[in-house]
Amino acid sequence: MTKPAQVHQPLSEAGEFAEGIPHEKLARSRAAQTVLWVLLIAAVLLAPAVLYPVFVMQLLCFALFACAFNLLIGFTGLLSFGHAAFFGGAAYICGHVVKVWGLPPLVGILCGGVVAAALGYVVGSLAIRRQGIYFAMITLALAQIVYFLALQLPFTGGENGLQGIPRGTLFGLDLNDPLSMYYFVAAIFLAGFLIIYRTIHSPFGQVLQAIRENEPRARSLGYNVDRFKLIAFVLSASLAGVAGSTKAIVFQFASLTDAHWQMSGEVILMTLIGGMGTIFGPVVGSVVIITLQHYLADIGSWVQVVIGAIFIVSVLLFRRGIVGELARMLKISSV
Amino acid sequence: MSDFILEATDLSRSFGGFMAVRNVNLKIARGSIHALIGPNGAGKTTMFNLLTKFITPSSGTITFNGRNITHLKPEEIANLGIVRSFQISAVFPHLTALENVRIALQKRLDVSYQFWRSRKILSTLDDEALERLDQVGLKRFAHVPAVELPYGRKRALEIATTLGLEPELMLLDEPTQGMGSEDVGQVADLIKRVSVGRTIIMVEHNLGVVSKLADAITVLSRGEVLAEGTYEQVSKNPAVMEAYMGIKAEEVA
């Protein structure tokens, strides 16, 4: 951290920082942020006019999943390698609540979120005792247990998954109508995105950032670091659960794919390609990955090769991710 | 209340078979600046980590204002009023200087767990944060990310942040380490200024700074207390001269 070159720079020497510059950057960042928000909302509202609604709904579910994941890796500095457990686990819960108990889809999604939060509490409490790679390994191991349960428990349908989940109605609105369903999903996405945005820009988010930057220092200032991490973990898990539940309603099934460790890897990929620690990065990243998977489906498993190649290029050439690099080039803040 | 703010009794810590700190007794007088000195490997940093609970003692007790704090966590003793700095500058690199100080000030608003609340509420702390930055000569750099500050200013920022908690006891781990002579003087002045109304314990290699600031000195060597007293007393102690001062005598003069 301390470069030798800086050591002898005397305190009294005038800095090269003009007072105006940060404010200019701030103003530009605010303008850019407003533009991005308008673009995002417009895109979400208008997308079904040009694109296949189910495809866009899939995008939105994954975008929310990636944003929830980004709250941990980008803003708390915790790499979870088990987020599929919350995404997939919640999908099963939501499917069961809607299909077997016959409750409305909104209730199913909320149940999925609550169960994911509880699961997040358990996984988080165990994982935050360790750091770095050990943290990631604990989350992976616990997620594999969830995968095993999804395979073995009687209500999940084993290899076949939980099929034929009815879309049902929302306040009397028939969700079998593609557009009604679409705007239902869009509302969930925007609500989740707003919650994450607010969390990052809250006093709580400020402490998370401090922990990410310098954990021992945050402790020495009297912050109970473990508690902050755990709350962030639970928030992230529950929103990942909401995303998974929503996906179960959209596709009308919950499958093992959603809980598989590859899904945990995919969400890392989306976040890194879009730009971890940026607000809009995970959305962009999930659009890139899902679009590739969708349009390159014809070439079969070569999709993985293409995505792998893109990942390598992005890590080598633009480590900040798409949004992170753009923000740097335009000299604006990406948060 | 006792005249001693902090007392360590028979404090020991071993790593494997190695005793890094052995039966150390330490009494820190309220309102004083107390320096811990000693050659490399004498156990100063271990002692420091013990006092701030970043490591737990193998045996012995630590009391703060008469209260046993031996088994508290670092964040808990911070909330009692004991705040430390680190050997390597402890700033939050990608937060601005202002935001760095605000992290400390934010504690007293009691909103730190409120993730649903806008951080705009923190701007009520901006005036005080600016004032604290001004105290250490950093007001001009309020909106500069800490990572872009020169080394000496990072240390000043660290002190400003620490002061934001109004600590009763401040522990500084080599506050002038790695600085040019001009910076050393300024940081020493800064420490003197902020010591008013509080107690400071510092680990320091620069004996010039120690002689100028410290009211009391504890010399550690091989994990044990070698000598204690004022600078004059300690510097005349033959054991100390042999273990430590002998090499440094001309530097002090």
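**Nonpolar cores and the mixed sheet of chain B**

In the predicted model, F189(A) contacts L40(A), V44(A), L60(A), A63(A), L64(A) and V283(A), leaving aside residues up to four places away in sequence. F189(A) and F193(A) are the residues that touch the most other members of the largest nonpolar core, which comprises 99 residues. Helix α3 (residues 53–73) of chain A supplies the largest share of this core, namely 17 residues. A second core, separate from the former, contains 47 residues, among them L157(B), M170(B), L207(B) and V210(B). In soluble globular proteins, nonpolar side chains tend to be buried together.

Chain B contains an open sheet of six strands, arranged in the order β6-β7-β8-β3-β9-β10 with mixed pairing. The edges are occupied by β6 (82–84) and β10 (224–229) of chain B; each has a single partner strand, and therefore one side of each lacks a neighbour in the sheet. On average, neighbouring strands of this sheet are turned by 15 degrees against each other, direction ignored.

Within the sheet, strands β3 (residues 33–37) and β8 (residues 199–203) of chain B are paired in the parallel sense through four bridges. L36(B) has V203(B) in β8(B) as its bridge partner. Two helices of chain B may be described in relation to this sheet. Helix α1 (residues 44–51) of chain B packs on the sheet and touches β3, β6, β7 (169–173), β8 and β9 (216–221) of chain B; the direction of α1 makes about 150 degrees with that of β7(B). Helix α5 (residues 151–163) of chain B also packs on the sheet, in contact with β6 and β7 of chain B, and its direction makes about 160 degrees with that of β7(B).

How values were computed. Residues are numbered from 1 along each chain as its sequence is written. Chains are lettered from A and ligands numbered from 1 in the order in which they are written. This is a predicted model: local features need pLDDT of at least 70, side-chain atom pairs count only at pLDDT 80 or more; totals for chains, interfaces and linings use all residues. Side-chain values use heavy atoms; hydrogens and water are left out. Two strands pair if DSSP finds at least two bridges between them. Axes are lines fitted to C-alpha atoms, for helices over the stretch in contact, and angles run from 0 to 180 degrees between N-to-C directions. Contact means heavy atoms within 4.5 Å. A nonpolar core is a set of buried Ala, Val, Leu, Ile, Met, Phe, Trp, Tyr and Cys residues joined through side-chain atoms within 4.5 Å. Buried means under 20% relative accessible area, exposed over 50%, partly exposed in between (1.4 Å probe, protein chains only).
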